[in-house]
Amino acid sequence: MIEILDDLDVLTRPDLDPRGLSLAGARLGSKAADTVVRDSVIEVTLSPIVHRAIAGSGRVTEYYGADGEPLSREKVVENAVETEGVVHFSGKFSYRIVGGTVVGFAMYGGERGLLAHFGYLRSRDEFLDVFGTPDLVEESFDCGELMGYRHHYRASGKKVFWDSWNDHVGSLNLGDFGAR
C-alpha cells in the first residue's frame with residue numbers, strides 16, 4: 001500500500017494502480033466507516049440527506065434537510081460515510097463515497113494544496129514530460145478562452161487538469177470521481 005501523502009511523486013505514474021493507494025489513511029476501495037476520520041472532515045457535498053447548504057469563505061457550512069430543518073455537521077458526515085457523498089478535508093483533498101465505499105480521491109490547490117508539490121512544472125510540456133502521454137486530452141474553454149487541458153490516463157483511472165492560465169496542475173482525480 002502506498003500512502004500518497006508520503007510519496008506525491010507516485011501520482012506521476014501513467015500506469016499507476018489506484019487500488020494500491022491510500023490518501024490520509026483511507027484506501028481506495030475501503031469501507032469509509034472504517035477509514036474516514038470524521039473529525040477531520042471540513043465539509044460534505046452531494047449528501048443525499050442535504051436538501052440545501054449554506055457555505056462561504058470564513059463561515060461554517062450549514063446543512064438543511066428536505067423539511068427545511070437544520071442538520072448537524074456530525075449527522076451529515078456520518079450519513080455521507082455510511083451511504084454516499086463527497087467529504088472534504090483542509091489539506092485540499094476529498095474522498096468520493098458511494099455505497100459506503102471510498103471510490104475516488106480528488107486533490108486540488110495547485111498553489112497551496114497538495115498539488116503545490118508539482119509547482120516546479122511551469123509549462124504543459126514539462127507536465128507531459130513528467131506525467132507521461134495521456135490516453136485522452138480535452139481542452140477546457142470558458143467564454144471562448146482556453147482555461148486548460150483535462151488529461152485522462154485510463155490505466156490508472158487518473159484525470160489531471162493542467163491550468164493554462166496559471167501554468168500549474170490544478171486538480172488530480174483518481175478512481176471514480178467523475179470527469180473534472
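Let's start with the parts list: this protein chain has three helices and 14 strands. Keep in mind that the model is predicted.

First, the overall build. What radius of gyration does the protein chain have, and does that agree or disagree with a compact globule? The value is 17 Å. A compact globule of 180 residues would come out near 16 Å, so the chain agrees with that. Along its principal axes, the C-alpha trace spans about 50 × 40 × 25 Å.

Now the inside and the outside. Of the 180 residues, 44% count as buried. The accessible surface comes to about 9,200 Å². Carbon and sulfur atoms hold 48% of that surface.

Next, contacts along the sequence. Take the contacts with a separation of 6 or more. Residues 24 or more positions apart make up 47% of them.

And charge. The chain carries 19 positive and 28 negative charges. Their mean positions lie 3 Å apart.

On to the helices. Helix α2 covers residues 73–82. Which of its residues are buried? They are Val-76, Val-77, Asn-79, Ala-80 and Val-81. A reminder from the textbook: an α-helix has 3.6 residues a turn, so residues three or four places apart point the same way. What do the buried residues of α2 pack against? Helix α1 is one partner. The strands are β4, β6, β7, β8 and β9. Find β4 at 41–45 and β6 at 59–64. Then come β7 at 70–71, β8 at 85–89 and β9 at 93–98.

Helix α1 itself runs over residues 32–35, and Thr-35 sits in it. Look at the Thr-35 side chain. One of its polar atoms lies 3.3 Å from the backbone oxygen of Lys-31. Leave out neighbours within four places in sequence, and Thr-35 is in contact with Gly-25, Ala-26, Ser-30 and Val-102.

Now two backbone oddities. Most residues other than glycine have a negative phi. Ala-24 has a positive one, near 55°. Where does Ala-24 lie? It is in the loop between β2 (21–23) and β3 (26–27). Its relative accessible area is 31%, so Ala-24 is partly exposed; the partly exposed range runs between 20% and 50%. Beyond four places in sequence, Ala-24 is in contact with Glu-3, Leu-5, Phe-93 and Tyr-95. Compare that with Arg-122, which is 98 residues from Ala-24 in sequence. In space, C-alpha to C-alpha, Ala-24 and Arg-122 are 27 Å apart.

The second oddity is Cys-143. Its phi is positive too, about 55°, and it is not a glycine. Cys-143 is in the loop between β11 (136–142) and β12. Buried or exposed? Cys-143 has 78% relative accessibility, so it counts as exposed.

Last stop, another loop. Ser-156 lies between β12 (145–153) and β13 (158–163). Is Ser-156 buried or exposed? Its relative accessibility is 1%, so Ser-156 counts as buried. The cut-off for buried is under 20%. What is Ser-156 in contact with, beyond four places in sequence? The list is Arg-13, Pro-14, Asp-15, Leu-16, Pro-18 and Leu-174.

So hold on to two loop residues when you open the structure: Cys-143 counts as exposed, while Ser-156 counts as buried.

Terms used:
Residues are numbered from 1 along each chain as its sequence is written. This is a predicted model: local features need pLDDT of at least 70, side-chain atom pairs count only at pLDDT 80 or more; totals for chains, interfaces and linings use all residues. Side-chain values use heavy atoms; hydrogens and water are left out. Helices (H or I, at least four residues) and strands (E, at least two) are DSSP runs, numbered from the N terminus. A polar contact is a pair of N or O atoms within 3.5 Å; within protein, one must be able to donate a hydrogen and the other to accept it, and residues adjacent in sequence count only if both atoms are side-chain atoms. Contact means heavy atoms within 4.5 Å. The radius of gyration is taken over C-alpha atoms; the globule rule is 2.2 Å times the number of residues to the power 0.38. Buried means under 20% relative accessible area, exposed over 50%, partly exposed in between (1.4 Å probe, protein chains only). Accessible areas come from the Shrake-Rupley method with a 1.4 Å probe; for residues, only the protein chains shown count as cover. Lys and Arg count as positive and Asp and Glu as negative; His and the chain ends are not counted. The place of a charge is taken as NZ of Lys, CZ of Arg, CG of Asp or CD of Glu.
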